[in-house]
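User: I'd like to learn how to read a protein model feature by feature. Could you walk me through this one?

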Amino acid sequence: MTYPKIPLAQSILQIFLAKEITNIIISPGSRNAPLTIGFASNPAFQCYSIADERAAAFFALGIAQQTGKPTAVVCTSGSALLNYYPAFAEAFYSQIPLIVVSADRPHSKIDIGDGQTIRQGNVFANHSLYNANLLEEVSEENDRKINEAINTAIAKKGPVHINAPFEEPLYETVSVLSVNSSIFASAKVNRTVDIKDLQDSASLWNKASRKLILIGVNEPNSIAEETIEAFANDESVVVMTENTSNVSHESFISNIDTIITPFTAEDFEAFRPEILVTFGGMVVSKRIKAFLRKYKPKQHWHIDTLRAYDTFGCLTKHFEVEPNTFFNAFLPLTSKIESNYFSRLNTVKTLRKEKHDIYLSKIPFTDFKVFEKVIQSLPQNSQLQISNSSAIRYAQLIPIVPSIEVYCNRGTSGIDGSTSTAIGAAVANVKPTVFITGDIGFLYDSNALWNNYIPKNFKIILINNGGGGIFRILPGHSETPVFNTFFETSHNLTAEHLAKMYGFDYTIANDEMSLSKGLDLLYAQNDKPGILEVFTPTLDNNTILLQYFKELV
């Protein structure tokens, strides 16, 4: 076996192996050579070489998203480290375990004019769950910090930073380890619910005739079927989900904006819940957030082992347990109450479905029509990754069959690494992966395709409307040079040459017939990954979408 000669690098390798942190994404560099040599020379580690650090970190995020285990990214010193920050922040807000390992110059070389040197310690302080600023010499204190970083990433589900200074020579190797690092176990936390809290809450629940359960981002199949059925069979409960909730039932409302956008003030008041229960990650719908901030419930309970954001300004209780643990203990204490809360919303849901179908049947070929056809075409039991901005919002308006797992980087809602994340997720999941993206997000993260590990069953559906279409939907849109240049960022670019350069099959569509044929071809080709680029009319998309909400009444 080949090991780096530098003892500190040996310590990091030993502890990572003992903690079973085996997915390692490495970006090329010299200062991180001891780590690169150590990880890449040991077959126990699955190493990936991704040159662009920003893409590498989002690729790692995608792997960690699917495996639920920490994934490590390793870089050289200097500005390379700063390129990890977008994915680092996403990991923080999406509660995904990510370990950044940065090689550094020795402390004596910082701020003396040495090349490729910045102040790397605590560089992620605002979003890091733990910062292990190591010393150059091996020590038990260093070992403790490395252990604590890994343990924290696992226990608190988020990003940590290990900064390791190495002095030259960097490339020397040995065949026998010279250090024996200490391994510290993570403290086990058994989270339970206080029975008095449950009884008090159940008493409130049993008197309330309007209970709203709003489910944010969730792992697929994470909520017990018994809990889902209990919600569905209670006429005082309305459950609202999003595609990224990965929770479904025919009685649940999955198209929130379609339901509530046409509401009058009287409708909103009648829909105001007495008790709001939330669990899962971030919610996409701006309209449901605006509604609950204005028409606040008396009680808002959030269920999460770690965090409880006061998203609506009315949080009254944080139950620090897993949702299944909570509902297993809570639901037996509840009783049903006579209510028309569900039936009234279900009537609205039926009406909106009729209006939705009529409207979509008559609209021309635009973004909305494309999303309808694309989502209907998705293979059963596949994984769907969606980019941010208008793509995730359109997707919320179209039902997705329950067998499809849905993901999106909703922690920070950025476009910067959606493609890279989708590719990392495809690598870590054997299911066919479809990635739906807009043109600006795709072009912004085009280095994601500079990747030698893209599975053949990875498919990109690129909806190209010639700019940032979401800005045409938001207030303030006007046809001016300032808007077109600085907001919409109008362009005439396509993915054709990128597809050729990176070895993707490439097909285009610009009407319903060519879209149908393009989708069939995209899913049929399995000898290489594919891109279907769909061109839609820039000036019509926002008009069609905004009119949709007017015709739902």
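Analyst: Here's a tour from the overall fold down to single side chains, and keep in mind that this is a predicted model.

User: Let's start with the whole chain. How many helices and strands are there?

Analyst: The chain has 21 helices and 19 strands. For overall shape, you set the radius of gyration against a rule for globules: here the value is 25 Å, close to the 24 Å the rule gives for 553 residues, so the chain is as compact as a globular protein of that length. If you want a box, the C-alpha atoms fill roughly 70 × 60 × 45 Å along the principal axes.

User: What share of the residues is buried?

Analyst: Buried means under 20% relative accessible area. By that cut-off, 54% of the 553 residues are buried.

User: How does that look for one element, say helix H13? How many of its residues are buried?

Analyst: H13 covers residues 367–377 and is mostly covered, with eight of its eleven residues buried. Don't expect a purely nonpolar list, though: among the buried ones are Phe-368, Val-370, Phe-371 and Ile-375, but also Asp-367, Lys-369 and Glu-372.

User: Now the opposite end of the scale. Is Pro-43 buried or exposed?

Analyst: Exposed counts as over 50%, and Pro-43 has 72% relative accessibility, so it counts as exposed. Pro-43 sits in the loop between helix H2 (33–40) and strand E3 (46–49). It's also a nice case for comparing sequence with space: Pro-43 and Met-1 are 42 residues apart in sequence, and their C-alpha atoms are 9.6 Å apart.

User: What about surface patches? Which residues form the negative one?

Analyst: The idea is to look for like charges on accessible residues that can be joined up. Here, Glu-225, Glu-226, Glu-229 and Glu-250 form a negative patch. Take Glu-226 as the sample member: it lies in helix H7 (residues 225–232) and is exposed, with a relative accessible area of 62%.

User: And which residues make the nonpolar patch?

Analyst: Val-482, Phe-486 and Phe-487 make a nonpolar surface patch of about 340 Å². Val-482 belongs to helix H18 (residues 481–487). At 48% relative accessibility, Val-482 counts as partly exposed.

User: On to salt bridges. How many does a search of the whole structure find?

Analyst: The search finds 14 salt bridges. For each one, check the N to O distance, then ask where the partners sit in the chain. Lys-109 pairs with Glu-167, with the closest N and O atoms 3.3 Å apart. Lys-109 is in the loop between strands E5 (98–104) and E6 (131–133) and Glu-167 in the loop between strands E7 (159–165) and E8 (173–174), so the pair ties together parts that are 58 residues apart in sequence. Lys-109 is partly exposed at 25%, and Glu-167 is partly exposed at 28%.

User: Where do Glu-141 and Arg-144 lie?

Analyst: Both are in helix H5 (residues 140–156), three residues apart, or about one turn of the helix. Their closest N and O atoms are 3.0 Å apart, and they form a salt bridge. Glu-141 is partly exposed at 38%, and Arg-144 is partly exposed at 33%.

User: What does the bridge between Glu-322 and Lys-157 tie together?

Analyst: Their side chains meet at 3.8 Å, N to O. Glu-322 is in the loop between strand E13 (317–319) and helix H11 (323–330), and Lys-157 is in the loop between H5 and E7, so this pair links parts 165 residues apart in sequence. At 38% relative accessibility, Glu-322 counts as partly exposed.

Conventions: Residues are numbered from 1 along each chain as its sequence is written. This is a predicted model: local features need pLDDT of at least 70, side-chain atom pairs count only at pLDDT 80 or more; totals for chains, interfaces and linings use all residues. Side-chain values use heavy atoms; hydrogens and water are left out. Helices (H or I, at least four residues) and strands (E, at least two) are DSSP runs, numbered from the N terminus. Buried means under 20% relative accessible area, exposed over 50%, partly exposed in between (1.4 Å probe, protein chains only). Patches are made of residues with over 30% relative accessible area and no salt bridge: like charges are joined within 9 Å, nonpolar side chains (Val, Leu, Ile, Met, Phe, Trp, Tyr) within 5 Å. Accessible areas come from the Shrake-Rupley method with a 1.4 Å probe; for residues, only the protein chains shown count as cover. A salt bridge is a side-chain nitrogen of Lys or Arg within 4 Å of a carboxyl oxygen of Asp or Glu. Lys and Arg count as positive and Asp and Glu as negative; His and the chain ends are not counted. The place of a charge is taken as NZ of Lys, CZ of Arg, CG of Asp or CD of Glu. The radius of gyration is taken over C-alpha atoms; the globule rule is 2.2 Å times the number of residues to the power 0.38.
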